[in-house]
Amino acid sequence: MTAVANLVDKTAQFVRDHVIPVEREVVAGGRVTDDALRLDLQKKAKEAGVFGPLSDPAYGGLGLDTRDQARVLEAAGASLLGPLAVNAWAPDDGNIHLLAHVANDEQRARYLAPLASGEVRSAIAMTEPAPGAGSDPRMLRTVAEETDRGWVINGAKHFTTGAAGAAFTICVATTTDGPTMFLVDAGNPGLEVGRRMATLDHTSAPGGHCEVRFTDCEVPGSAVLGEVGRGLELAQVRLAPSRLVFCMNWLGLAVRAQQLAAEHIGTRTSFGAPIAEHGLAQGLIADNEIDLAAARSLIAATAATIDEHGPASSQARHEASIAKTFVSEAVWRVLDRAVQLHGGLGVVEDHLVARFLVEARAFRIYEGPSEVLRWSIARRVLRGPR
């Protein structure tokens, strides 16, 4: 058995032994996914040797390339809480990658090291209330003005994932030279974390999706992440890996839903025969298996491109857009069929697949709605002949 295959098995065993029991407490027992729970699961992941598939060994991580991450994160994704337990959940997954590629040495020591080792959580503040930036970053309205002491940031954000309790927030604001990323520490008097938005997906992420406001928020010059005016360009190194990590994680959950559905119809009888022997039920199982296989293949191909050409390459971004669009919709189809195969019990959260379906709905929107990604994919295709 190869080292990665062994790691996949260890991760799957860790999820079965330590994560799934807690998942049921959260989904069906009302336990809150907070930082105490996160830290406890991550401590157990470290003890099991499966912590940090996205992190460098210098920070206690596993040092995997993207292809190996795909296999390990599918195993971790078998539970809603699995990616959180191994420190591969949004927005920290993307921020770990961004800081590793863009931060200077001082910023890596101050922000990346504790984030990659699971000591703290982070947030990234990009999306704004209308008429501000959403899918179109050119609509950015949050402004940063340079002063003698550094920068002053003003603006409103929402859907800032993980903001409540984050040790720092990466704020994207426009300057006279263009969009720029700033590292803003928790406790800065100019940073206000407001309402936690009541979204469908609320089980797997401590810190929620929050409204955030920057009011005369002063930060020093050293808070600039990367270079002034190159914020959106530099953020490209985060985009493809982050989209693909979502695909890896959610694929794992869809695989588990397929297993739960197969087990359920194998034990239930209707019209004189096990449900598993009815052709219509078999058709749903087969369609699930086709979607899972196609999604896994797309993820593997895109992971290879990221490893070979770099995360910010046009090829990686194009393939990640294709993968994210297909996988997000394939996962939804698989989870919806799993609910259907459970019958009435499929809408009862005790049987988990109902919560899986609800939690996954946002996957088709965040990190790029399917419609925007299709537009982007088509533009890249049509640009060639022109």
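Which helices are included in what covers the buried residues of α3? Let me start there. This is a predicted model, so please keep that in mind throughout.

The cover of α3's buried residues includes α1, residues 3–29, and α4, residues 82–85. It also includes α8, residues 236–267, and α9, residues 279–309. Helix α3 itself runs from residue 66 to 76. It is mostly covered, with eight of its 11 residues buried. Here are the names. Thr66, Gln69 and Ala70 are buried. So are Val72, Leu73 and Glu74. Ala75 and Ala76 complete the list.

Next, the open space. The second largest pocket holds about 420 Å³. Its lining counts 25 residues. Which of them lie nearest its centre? They are Leu54, Gln69, His97, Ala100 and His101. Gln69 is also one of the buried residues of α3. Five helices each give at least two residues to this pocket's lining: α3, α5, α6, α8 and α9. Helix α5 spans 92–102, and α6 spans 105–116. The largest share comes from α5, with six residues. By class, the pocket lining has 13 nonpolar, eight polar and four charged residues.

Now the closed spaces. Rolling a probe the size of a water molecule over the atoms shows where empty space is left. Here the count is two cavities of 30 Å³ or more. The largest has a volume of about 90 Å³. It is lined by 14 residues. Closest to its centre are Leu84, Trp89, Ala90, Asp92 and Arg121. The classes in that lining are seven nonpolar, four polar and three charged.

The second largest cavity has a volume of about 40 Å³. What lines it? Gly77, Ser79, Leu80 and Pro83 do, together with Trp89, Asn249, Trp250 and Leu253. Trp89 appears in this list, and Trp89 is also among the residues closest to the centre of the largest cavity. Helix α8 gives the largest share of the second cavity's lining, three residues. This lining has five nonpolar and three polar residues, and no charged ones.

Stay with Trp89 for a moment. It is in contact with Ser204. Where is Ser204 found? It sits in the loop between β6, residues 191–196, and β7, residues 209–219. Is Ser204 buried or exposed? Its relative accessible area is 5%, so Ser204 is buried. Beyond its neighbours within four places in sequence, Ser204 is in contact with Thr33, Leu80, Leu81, Leu84, Trp89 and Glu359. Leu80 is also in the lining of the second largest cavity.

Last topic: a helix pair. Helix α10 covers residues 314–341, and α12 covers 370–383. Their axes come within 9 Å and cross at roughly 145°. The crossing is left-handed. Who meets whom? From α10 come Arg317, His318, Ser321, Ile322, Lys324, Thr325, Ser328 and Glu329. From α12 come Ser370, Leu373, Arg374, Ile377, Arg380 and Val381. The contact residues divide into four nonpolar, five polar and five charged.

One more residue on that side. Ala378 is in helix α12. Why does Ala378 count as partly exposed? Because its relative accessibility is 34%, and partly exposed runs between 20% and 50%. Ala378 and His318 are 60 residues apart in sequence. In space they are 9.8 Å apart, C-alpha to C-alpha.

Notes. Residues are numbered from 1 along each chain as its sequence is written. This is a predicted model: local features need pLDDT of at least 70, side-chain atom pairs count only at pLDDT 80 or more; totals for chains, interfaces and linings use all residues. Side-chain values use heavy atoms; hydrogens and water are left out. Axes are lines fitted to C-alpha atoms, for helices over the stretch in contact, and angles run from 0 to 180 degrees between N-to-C directions. Helices (H or I, at least four residues) and strands (E, at least two) are DSSP runs, numbered from the N terminus. A crossing is left-handed if the near helix is turned anticlockwise from the far one by less than a right angle, and right-handed if clockwise. Contact means heavy atoms within 4.5 Å. Ala, Val, Leu, Ile, Met, Phe, Trp, Tyr, Cys and Pro count as nonpolar, Asp, Glu, Lys and Arg as charged, and the others, Gly among them, as polar. Buried means under 20% relative accessible area, exposed over 50%, partly exposed in between (1.4 Å probe, protein chains only). On a 1 Å grid over the protein atoms alone, a cavity is a set of points where a 1.4 Å probe fits but cannot get out, and a pocket is an open set with protein on both sides within 12 Å along at least five of seven lines; lining residues have an atom within 4 Å of a point. Grid points are joined across faces, edges and corners, and a volume is the space filled by probe spheres set on the points.
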